[in-house]
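I sat down with a new structure today and kept notes as I went. Here they are, in the order I looked things up.

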Amino acid sequence: SFFGGIGGASRKGILVKGSNYLEALAKTEIVVFDKTGTLTKGVFRVQEIHSEGYSEEELLELTAYTESYSNHPISLSLKSAYGKEIDNSRITDIEEISGHGIIAVVDEKKVVAGNSKLMLKMNIPYYEGELIGTVVHVAIDNQYAGYIIIADELKSDSTQAIKALKAAGIKQTVMLTGDTKNVASKVGETLGLDKVYSDLLPGDKVDKLEELFAQKPANNKLAFVGDGINDAPVLARADIGIAMGALGSDAAIEAADIVIMTDEPSKIATAIKISRKTLKIAQ
Ligand code: ADP
Ligand code: MG
């Protein structure tokens, strides 16, 4: 009947890598989500460009060049907002700092593009007023050059995904994100998540998971759902690591115990229901 359960799941686009994960899934009481690319589409659109000392076009161009080697959802959207071909010969040094942003040399200018943590790290004073959205601050040759505000959208299926988990009796739904508090709390309120943790570095996400582990009975399981960009260690640490496979990276599919082949987080509740049914039959 475990084979039946795994087969039934796979027909719904849910790939379970072993019957032990089906068993663990049936005992899940906490489901933890990554935000970008998991609950949100991971496709950011530019909302506003505020440049200082450069034109908006120059700022976007230098930022897109700086981000051009990365596959981070933020990088992809800045490249697409720029919209023109990237001439790789203009870029010489690239350093991606996970959870922070990217530093590169473009046209012999040192460009730093990322969040406020990156500006602090590089000792660059930045605009600290309240901004709504995900903010990419930019510095050129150690001078602050402005910011680009980008915004992501919720997946249309995410509200249903959280509702279905609650209806299935899941005790806690949690979101972890490296994004800012204002973006995270808006997503949390809209979806009705029980807990939201923001401004987390990739390593902080593992620490948060440990905290959640410490608070729950050992017999009840914790599932983490991510897309693998910066969250492979969390996927590996969870009792059940679930990767969203449609957008997810190869690393995520590798690190995960369960892969959702479609782009629908509501499949998590479906998988839990299948696992409970399978276990009942097996007992
Ligand atoms: P999430 O937890 O939402 O999946 P990440 O851990 O990948 O996000 O990134 C956290 C934050 O770090 C982002 O919200 C952004 O502010 C910053 N950041 C990460 N990568 C980049 C990048 N390539 N360019 C600009 N900013 C970035
Ligand atoms: Mg991520």
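Before anything else, a note to self: domain bounds here come from an automatic or database domain assignment. For this chain I get domain 1 (2-40 + 154-282) and domain 2 (45-151).

The model is predicted, so I kept in mind that local features need pLDDT of at least 70, side-chain atom pairs count only at pLDDT 80 or more, and totals for chains, interfaces and linings use all residues. Residues are numbered from 1 along each chain as its sequence is written, while chains are lettered from A and ligands numbered from 1 in the order in which they are written.

I checked confidence next: mean pLDDT (the predictor's confidence in each residue, from 0 to 100) is 93 for the chain, and 97% of its residues reach 70 or more. For the complex I noted an ipTM of 0.97 and a pTM of 0.90.

Where does ligand 1 lie? Both domain 1 and domain 2 give residues to its shell, so ligand 1 lies between them. I found 23 residues around ligand 1, and Thr36, His72, Gly101, Asn115 and Gly178 come nearest; "around" needs a C-beta atom, placed from the backbone, within 6 Å. I sorted the shell into six nonpolar, 13 polar and four charged residues. In that sorting, Ala, Val, Leu, Ile, Met, Phe, Trp, Tyr, Cys and Pro are nonpolar, Asp, Glu, Lys and Arg charged, and the others, Gly among them, polar.

Last, I looked at the domains themselves: their C-alpha centres lie 31 Å apart. Ten residues from domain 1 and seven residues from domain 2 make the contact, which takes C-beta atoms, placed from the backbone, within 7 Å.

Conventions:
Two residues are in contact if their C-beta atoms, placed from the backbone, lie within 7 Å.
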